[in-house]
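Let's walk through this one together, a piece at a time. Have the sequence and the 3D view open side by side as you read.

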Amino acid sequence: MVDILDLVSQNAHTIGTGLRHTNSALDIVGKLKTLARKSKATPDPELESLVTSLANEVADAKLANLALKEQLIELKEAILNADNAQSKLGRYELCETPGGYTVYRLKEAHTNEEPLHYACPYCYADGRISILQGGLDFKQCFVCKTEPHFFFKPKRGPITFV
Ligand SMILES: [Zn+2]
């Protein structure tokens, strides 16, 4: 991800440079128009038409550069958000409860930062952490409610009749 951020940052600089160039080009077009009017008593309509077309093209390029810059900023924010979400998800590991359910558990390395808890596997798959709530026998996810109960109580063996 760091490489992508570097790439995005480099492109932002390039677009900023492009905006400065289009501003310079617009200044030049303005000067050309002034010169065209000064150089002849009757302005050349073909020259004025070309200068006007050039001014329109430069203005379009400037708008396109601004749109690209906005998209680049949005992309950069999305990458940062994805990095943050990924680092949150990376704090958990899959485990199987004694009741036979697969859930996510806070890695032991992070239990000094917050108490041990379990996270819903369905919410995790959607990129978010939802802490399972409940007692020792079972826990629930109150966010997605996909699974009514994640059993933590050990499975019973088969019933045997004497
Ligand atoms: Zn859930």
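How many bridges join strand β5 to β6? Two bridges do the job, with β5 covering residues 138-140 and the two strands running antiparallel. Before going on, some housekeeping. This is a predicted model, where local features need pLDDT of at least 70, side-chain atom pairs count only at pLDDT 80 or more, and totals for chains, interfaces and linings use all residues. Residues are numbered from 1 along each chain as its sequence is written. As for the labels, helices (H or I, at least four residues) and strands (E, at least two) are DSSP runs, numbered from the N terminus. Two strands pair if DSSP finds at least two bridges between them.

Back to β5 and its surroundings. Phe-138 sits opposite Phe-151 in β6. Zoom out a little and you'll see an open sheet made of three strands, ordered β4-β5-β6, with antiparallel pairing. β4 (133-134) and β6 (150-151) are at the edges with a single partner strand each, so one side of each has no neighbour in the sheet.

Now click on the loop between β5 and β6, where you'll find Glu-147. Its contacts, leaving out residues up to four places away in sequence, are Tyr-122 and Cys-141; two residues count as in contact if their C-beta atoms, placed from the backbone, lie within 7 Å. Glu-147 and Tyr-122 are 25 residues apart in sequence, and their C-alpha atoms are 8.6 Å apart in space. Is Glu-147 buried, exposed or partly exposed? A residue is buried if 20 or more other C-beta atoms lie within 10 Å of its own, exposed if 12 or fewer, and partly exposed in between, with C-beta atoms placed from the backbone. Glu-147 has 17 other C-beta atoms within 10 Å, so Glu-147 is partly exposed.

Next, the other open sheet: three strands in the order β1-β2-β3, paired antiparallel. Its edge strands, β1 (92-96) and β3, each pair on one side only. β1 and β2 share five bridges, and among the partners are Cys-95 with Val-103 and Leu-94 with Tyr-104. These two strands form a hairpin with five residues between them, and Gly-100 in the turn has a positive phi of about 95°. On the other side, β2 and β3 are paired over two bridges, and Arg-105 has Tyr-118 in β3 as its bridge partner.

Which residues make up the largest nonpolar core? There are eight: Val-103, Tyr-104, Tyr-118, Ala-119, Cys-120, Leu-132, Cys-141 and Phe-150. Here a nonpolar core means a set of buried Ala, Val, Leu, Ile, Met, Phe, Trp, Tyr and Cys residues joined through C-beta atoms within 7 Å. The elements giving two or more residues to this core are β2 (102-106) and β3 (118-119). Tyr-104 touches residues including Tyr-92, Leu-94, Tyr-118 and Ala-119.

Finally, jump to helix α1 (residues 2-39), home of Val-29. Val-29 touches Val-51, Leu-54, Ala-55 and Val-58, not counting residues up to four places away in sequence. From Val-29 to Val-58 there are 29 residues in sequence and 8.8 Å in space, C-alpha to C-alpha. Val-29 comes out as partly exposed because 19 other C-beta atoms lie within 10 Å.
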